[in-house]
Amino acid sequence: VVNYGGTNTASTADAKGHIIDGVKVIYYKTMVWGNVEANFSDFRIKVAETLNDPRGWVRAGLKFIEVNSGQDVNVILSDPAILGATPGCCADLSCTTWANQVIINDVRWREGTEASRAGGMSTRDYQHMVVNHEMGHWLGHYAHIEWCTAENGFLGGPAPIMLQQSTGLRDCISFNAWPLDSELWTLR
(Lines give C-alpha, C1' and ligand atoms only; values in the text may rest on other atoms or scores of the structure.)
Protein backbone atom coordinates (compact mmCIF):
# COMPACT_ATOMS: atom_id res chain seq x y z
CA VAL A 1 0.00 0.00 0.00
CA VAL A 2 1.41 3.37 -0.98
CA ASN A 3 1.10 5.88 1.82
CA TYR A 4 0.57 9.30 0.29
CA GLY A 5 0.85 10.92 3.70
CA GLY A 6 4.43 9.72 4.07
CA THR A 7 3.88 8.39 7.59
CA ASN A 8 5.51 5.01 6.96
CA THR A 9 9.07 4.61 8.17
CA ALA A 10 11.71 2.07 7.24
CA SER A 11 15.03 1.21 8.71
CA THR A 12 18.11 1.80 6.60
CA ALA A 13 18.77 -1.95 6.67
CA ASP A 14 15.31 -2.66 5.23
CA ALA A 15 15.61 0.09 2.64
CA LYS A 16 18.60 -1.46 0.84
CA GLY A 17 17.25 -4.26 -1.33
CA HIS A 18 14.41 -5.36 0.92
CA ILE A 19 12.31 -8.09 -0.69
CA ILE A 20 8.65 -8.46 0.27
CA ASP A 21 6.63 -11.31 -1.29
CA GLY A 22 9.19 -11.63 -4.09
CA VAL A 23 9.08 -7.93 -4.93
CA LYS A 24 12.01 -5.59 -4.43
CA VAL A 25 10.86 -2.58 -2.42
CA ILE A 26 12.35 0.87 -3.04
CA TYR A 27 11.69 3.34 -0.24
CA TYR A 28 11.50 6.97 -1.34
CA LYS A 29 10.86 10.31 0.32
CA THR A 30 9.32 13.31 -1.42
CA MET A 31 10.48 16.84 -0.58
CA VAL A 32 10.68 20.39 -1.91
CA TRP A 33 13.72 22.57 -2.55
CA GLY A 34 13.09 26.32 -2.56
CA ASN A 35 10.04 28.18 -3.77
CA VAL A 36 7.89 26.13 -6.12
CA GLU A 37 4.55 26.92 -7.74
CA ALA A 38 3.29 23.34 -8.10
CA ASN A 39 1.07 21.98 -5.35
CA PHE A 40 3.31 19.68 -3.29
CA SER A 41 0.46 17.38 -2.17
CA ASP A 42 -0.53 16.90 -5.81
CA PHE A 43 3.14 16.26 -6.70
CA ARG A 44 3.40 13.53 -4.04
CA ILE A 45 0.24 11.80 -5.22
CA LYS A 46 1.28 11.92 -8.88
CA VAL A 47 4.79 10.64 -8.11
CA ALA A 48 3.28 7.70 -6.19
CA GLU A 49 0.85 6.98 -9.03
CA THR A 50 3.66 7.03 -11.60
CA LEU A 51 6.10 4.91 -9.61
CA ASN A 52 3.53 2.19 -8.95
CA ASP A 53 1.69 2.29 -12.28
CA PRO A 54 1.54 -1.16 -13.93
CA ARG A 55 2.98 0.38 -17.14
CA GLY A 56 6.14 1.51 -15.33
CA TRP A 57 9.12 0.22 -13.37
CA VAL A 58 6.91 -2.19 -11.39
CA ARG A 59 7.12 -4.42 -14.48
CA ALA A 60 10.78 -4.92 -13.48
CA GLY A 61 9.64 -6.44 -10.17
CA LEU A 62 9.81 -3.23 -8.13
CA LYS A 63 7.46 -1.61 -5.66
CA PHE A 64 7.88 1.95 -4.44
CA ILE A 65 6.80 3.01 -0.94
CA GLU A 66 6.90 6.59 0.32
CA VAL A 67 8.45 7.00 3.77
CA ASN A 68 9.56 9.80 6.09
CA SER A 69 12.93 8.25 6.89
CA GLY A 70 15.11 5.30 5.89
CA GLN A 71 14.65 6.10 2.21
CA ASP A 72 16.79 4.78 -0.61
CA VAL A 73 16.14 7.82 -2.77
CA ASN A 74 14.73 11.33 -2.42
CA VAL A 75 12.26 12.54 -5.06
CA ILE A 76 12.54 16.32 -4.97
CA LEU A 77 10.39 19.04 -6.53
CA SER A 78 12.88 21.84 -7.04
CA ASP A 79 12.99 25.53 -7.75
CA PRO A 80 14.94 25.75 -11.05
CA ALA A 81 17.49 28.17 -9.54
CA ILE A 82 18.40 25.68 -6.81
CA LEU A 83 18.45 22.84 -9.33
CA GLY A 84 20.83 24.89 -11.49
CA ALA A 85 23.20 25.33 -8.53
CA THR A 86 23.30 21.55 -7.92
CA PRO A 87 26.52 19.94 -9.22
CA GLY A 88 25.89 18.04 -12.44
CA CYS A 89 22.47 19.60 -13.02
CA CYS A 90 21.11 22.60 -14.93
CA ALA A 91 18.25 25.00 -14.29
CA ASP A 92 16.39 24.04 -17.48
CA LEU A 93 15.79 20.31 -16.98
CA SER A 94 15.35 17.70 -14.26
CA CYS A 95 18.28 15.70 -12.91
CA THR A 96 19.42 12.66 -10.93
CA THR A 97 22.51 12.91 -8.72
CA TRP A 98 24.94 10.43 -7.18
CA ALA A 99 23.57 11.54 -3.80
CA ASN A 100 20.39 9.47 -4.38
CA GLN A 101 18.37 12.47 -5.50
CA VAL A 102 15.79 12.39 -8.28
CA ILE A 103 15.21 16.12 -8.79
CA ILE A 104 12.21 17.34 -10.78
CA ASN A 105 12.25 20.88 -12.14
CA ASP A 106 9.13 22.73 -10.92
CA VAL A 107 8.60 24.63 -14.19
CA ARG A 108 8.96 21.47 -16.27
CA TRP A 109 6.60 19.62 -13.91
CA ARG A 110 3.94 22.27 -14.47
CA GLU A 111 4.51 23.02 -18.16
CA GLY A 112 6.54 20.28 -19.84
CA THR A 113 8.98 21.54 -22.47
CA GLU A 114 8.58 23.24 -25.82
CA ALA A 115 9.49 19.95 -27.55
CA SER A 116 7.00 17.88 -25.53
CA ARG A 117 4.18 20.39 -26.07
CA ALA A 118 4.94 20.66 -29.81
CA GLY A 119 4.86 16.86 -30.02
CA GLY A 120 1.41 16.69 -28.42
CA MET A 121 2.48 15.25 -25.07
CA SER A 122 0.05 16.23 -22.29
CA THR A 123 1.39 17.75 -19.08
CA ARG A 124 0.37 14.62 -17.16
CA ASP A 125 2.18 12.35 -19.61
CA TYR A 126 5.23 14.61 -19.35
CA GLN A 127 5.07 14.22 -15.54
CA HIS A 128 4.94 10.42 -15.90
CA MET A 129 7.83 10.57 -18.37
CA VAL A 130 10.11 12.80 -16.28
CA VAL A 131 9.59 10.74 -13.09
CA ASN A 132 10.18 7.48 -14.99
CA HIS A 133 13.21 8.88 -16.83
CA GLU A 134 14.93 10.29 -13.75
CA MET A 135 14.09 7.22 -11.65
CA GLY A 136 15.54 5.16 -14.51
CA HIS A 137 18.85 6.95 -14.03
CA TRP A 138 18.72 6.18 -10.31
CA LEU A 139 17.92 2.52 -11.03
CA GLY A 140 21.12 2.23 -13.09
CA HIS A 141 20.34 3.55 -16.58
CA TYR A 142 23.15 6.08 -16.28
CA ALA A 143 23.50 7.03 -19.95
CA HIS A 144 20.87 8.56 -22.20
CA ILE A 145 19.78 6.74 -25.32
CA GLU A 146 20.77 9.34 -27.88
CA TRP A 147 18.84 8.33 -31.02
CA CYS A 148 16.16 5.95 -32.25
CA THR A 149 18.22 3.97 -34.75
CA ALA A 150 18.20 0.43 -36.11
CA GLU A 151 21.60 -0.12 -34.48
CA ASN A 152 20.20 0.36 -30.99
CA GLY A 153 16.87 -1.33 -31.71
CA PHE A 154 14.53 1.65 -31.52
CA LEU A 155 14.04 2.68 -35.16
CA GLY A 156 10.36 3.13 -36.06
CA GLY A 157 9.07 2.93 -32.52
CA PRO A 158 8.12 5.12 -29.60
CA ALA A 159 10.87 6.87 -27.70
CA PRO A 160 12.56 4.77 -25.02
CA ILE A 161 12.13 6.25 -21.56
CA MET A 162 15.89 6.81 -21.32
CA LEU A 163 15.91 9.05 -24.40
CA GLN A 164 15.99 12.64 -23.18
CA GLN A 165 12.52 13.38 -24.58
CA SER A 166 12.45 16.81 -22.94
CA THR A 167 14.67 18.02 -25.78
CA GLY A 168 13.02 16.15 -28.67
CA LEU A 169 12.38 12.78 -30.28
CA ARG A 170 15.67 12.22 -32.21
CA ASP A 171 14.14 10.03 -34.94
CA CYS A 172 11.66 8.22 -32.67
CA ILE A 173 8.08 8.21 -33.94
CA SER A 174 6.32 9.36 -30.76
CA PHE A 175 6.79 10.55 -27.21
CA ASN A 176 6.47 7.86 -24.56
CA ALA A 177 5.96 8.13 -20.80
CA TRP A 178 6.83 4.54 -19.82
CA PRO A 179 9.87 2.23 -19.91
CA LEU A 180 9.95 -0.11 -22.91
CA ASP A 181 10.25 -3.86 -22.31
CA SER A 182 13.94 -3.71 -23.29
CA GLU A 183 14.54 -1.13 -20.53
CA LEU A 184 13.08 -3.19 -17.67
CA TRP A 185 16.32 -3.91 -15.85
CA THR A 186 17.94 -2.36 -12.82
CA LEU A 187 21.32 -2.32 -11.16
CA ARG A 188 19.77 -1.57 -7.76
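Here are some worked exercises on the structure above.

This is a predicted model, in which local features need pLDDT of at least 70 and side-chain atom pairs count only at pLDDT 80 or more, while totals for chains, interfaces and linings use all residues. Residues are numbered from 1 along each chain as its sequence is written, and side-chain values use heavy atoms, with hydrogens and water left out.

**Exercise 1. Helix H2**

Compare the length of H2 with its expected span, then find which of its residues are buried and what they pack against.

*Solution.*
- Step 1: H2 covers residues 40-51, 12 residues in all. Helices (H or I, at least four residues) and strands (E, at least two) are DSSP runs, numbered from the N terminus.
- Step 2: The expected span of a helix is 1.5 Å times one less than its number of residues. H2 reaches 16 Å from its first C-alpha to its last, close to the 16 Å expected.
- Step 3: Look at the start of H2, where a side-chain oxygen of Asn39 comes to within 2.9 Å of the backbone nitrogen of Ser41.
- Step 4: List the buried residues (buried means under 20% relative accessible area, exposed over 50%, partly exposed in between, with a 1.4 Å probe and protein chains only). In H2 they are Phe43, Arg44, Lys46, Val47, Ala48, Thr50 and Leu51.
- Step 5: Find their partners, taking contact as heavy atoms within 4.5 Å. The buried residues of H2 pack against strands S2 (23-33), S3 (62-66), S4 (73-78) and S6 (101-105), and against helices H4 (106-111) and H6 (123-139).

**Exercise 2. The nonpolar cores**

Which residues have the most contacts inside the largest nonpolar core, and which element gives the most to this core?

*Solution.*
- Step 1: Set the rule: a nonpolar core is a set of buried Ala, Val, Leu, Ile, Met, Phe, Trp, Tyr and Cys residues joined through side-chain atoms within 4.5 Å.
- Step 2: The largest such core has 37 residues, and Tyr28, Val47, Phe64, Trp109 and Met135 have the most contacts inside it.
- Step 3: At least two residues of this core come from each of S2, H2, S3, S4, S6 and H6. H6 gives the most, with 7 residues.
- Step 4: Apart from this core lies another, of 6 residues, including Ile76, Leu83, Cys89 and Cys95.

**Exercise 3. Helix H6 and Gln127**

Check the span of H6, and then explain why Gln127 counts as buried.

*Solution.*
- Step 1: The 17 residues of H6 should span 24 Å, and its end C-alpha atoms are 24 Å apart, which agrees.
- Step 2: H6 is mostly covered, with 14 of its 17 residues buried. Gly140 follows H6 and has a positive phi, near 125 degrees.
- Step 3: Gln127 lies in H6. Gln127 counts as buried because its relative accessibility is 4%.
- Step 4: Leaving aside neighbours within four places in sequence, Gln127 is in contact with Lys46 and Trp109. Lys46 is one of the buried residues of H2.

**Exercise 4. Ser166 and the largest cavity**

Describe the surroundings of Ser166 and the cavity that it helps to line.

*Solution.*
- Step 1: Ser166 lies in the segment after H6 and is buried, with a relative accessible area of 12%.
- Step 2: Its side chain is joined to that of Tyr126 by a polar contact of 2.7 Å. A polar contact is a pair of N or O atoms within 3.5 Å; within protein, one must be able to donate a hydrogen and the other to accept it, and residues adjacent in sequence count only if both atoms are side-chain atoms.
- Step 3: Not counting residues up to four places away in sequence, Ser166 touches Leu93, Thr113, Ala115, Tyr126 and Met129.
- Step 4: On a 1 Å grid over the protein atoms alone, a cavity is a set of points where a 1.4 Å probe fits but cannot get out, and a pocket is an open set with protein on both sides within 12 Å along at least five of seven lines; lining residues have an atom within 4 Å of a point.
- Step 5: The largest cavity has a volume of about 70 Å³. Its lining includes Leu93, Tyr126, Met129 and Ser166.

**Exercise 5. The largest pocket**

How much space lies in the largest pocket, and which residues are the closest to its centre?

*Solution.*
- Step 1: The space comes to about 360 Å³, where grid points are joined across faces, edges and corners, and a volume is the space filled by probe spheres set on the points.
- Step 2: Of the 18 lining residues, Cys95, Thr96, Thr97, His137 and Tyr142 are the closest to the centre.
- Step 3: H6 supplies the largest share of this lining, 4 residues.
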